[in-house]
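Dear colleague,

I am passing the structure below on to you, and my notes on it follow directly after. Please read them alongside the coordinates.

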Amino acid sequence: MIVDRRRFLVTAGLAALAAGLGLPLSFDPAAAQTVEQAKLIAPEASPLPEKALGSATAPVTVIEYASMTCSHCAAFHTGTFPELKKKYIDTGKVRFIFREFPFEPVATAAFMLARCMPEDKYFPMVSTLFETQKTWAYSTDPAAGLLAVAKQAGMSQADFEKCLTDQQLGEKVQESALYANKELGVNATPTFFINGKKVSGALGIAEWDKELAPLLAGK
């Protein structure tokens, strides 16, 4: 079956559009710089199973809200994240939690594809989607681009279509973003919460060192 762009956009955004769950067109820029832990870990904050890397007992928890079609997010994940992971996550100093914040149907579809992968393939799929972002996110045919990425990851076209027509999955991906905007003040991507402190922008490794040093002092 040929997946055309119009059908793709309808199915990928089905849950969000049909249920009226699209993100607001404007955001309140006056967001608090720190957020209560209870709000960050509330069940509503992560309607889908949490996706995390690193030790559950790490002294620092970093929560990222990203959009798969965000170029700054891609720059962070392809440039800075590998070093952050090696230096802090793999060494047990930081627990890194990744959450969805799609602005439009194509980003929602990309998140859905990552969620449809086996558990151990989720983060590799996220990395691949960011690495190949220019080939599908800004394409005149994002469906074909995403299908190519999915097939390279071992997903069949039938599973691809089944995944993107999963209305419940699409709704929950959107719910993550809506909660983050309303309750946590997220209004741009990438946005990070570093032990509750809200920091926006694709931080470089030197900036991460500066943010994490006082939190890890004596740890």
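For the residue classes used here, Ala, Val, Leu, Ile, Met, Phe, Trp, Tyr, Cys and Pro count as nonpolar, Asp, Glu, Lys and Arg as charged, and the others, Gly among them, as polar. This is a predicted model, in which local features need pLDDT of at least 70 and side-chain atom pairs count only at pLDDT 80 or more, while totals for chains, interfaces and linings use all residues. Residues are numbered from 1 along each chain as its sequence is written, and side-chain values use heavy atoms, with hydrogens and water left out.

The largest pocket (an open set of points on a 1 Å grid over the protein atoms alone, where a 1.4 Å probe fits, with protein on both sides within 12 Å along at least five of seven lines) holds about 160 Å³ of space, a volume being the space filled by probe spheres set on the points. By class, its lining has 6 nonpolar, 1 polar and 3 charged residues; lining residues have an atom within 4 Å of a point, and among them are Cys116, Met117, Asp159, Lys162 and Asp166.

The chain has 11 helices and 5 strands, these being DSSP runs numbered from the N terminus (helices H or I, at least four residues; strands E, at least two). Of its 219 residues, 47% count as buried, that is, under 20% relative accessible area, with exposed meaning over 50% and partly exposed in between (1.4 Å probe, protein chains only).

The largest nonpolar core (buried Ala, Val, Leu, Ile, Met, Phe, Trp, Tyr and Cys residues joined through side-chain atoms within 4.5 Å) has 50 residues, and those with the most contacts inside it are Met68, Phe98, Leu129, Trp136, Trp208 and Leu212. Another core lies apart from it and has 14 residues, including Ile97, Phe101, Ala180 and Val186.

Ser67 lies in the loop between strand 2 (60–66) and helix 4 (71–89), and it counts as buried because its relative accessibility is 1%. Beyond its neighbours within four places in sequence, Ser67 is in contact (heavy atoms within 4.5 Å) with residues including Cys73, Phe101, Phe130 and Thr189. With those sequence neighbours likewise left aside, the contacts of Met68 include Phe98, Ala107, Leu129 and Trp136.

Ser127, by contrast, is placed in helix 6 (residues 122–131) and counts as partly exposed, because its relative accessibility is 32%. Ser127 and His77 are 50 residues apart in sequence, and their C-alpha atoms are 7.0 Å apart in space.

With best regards
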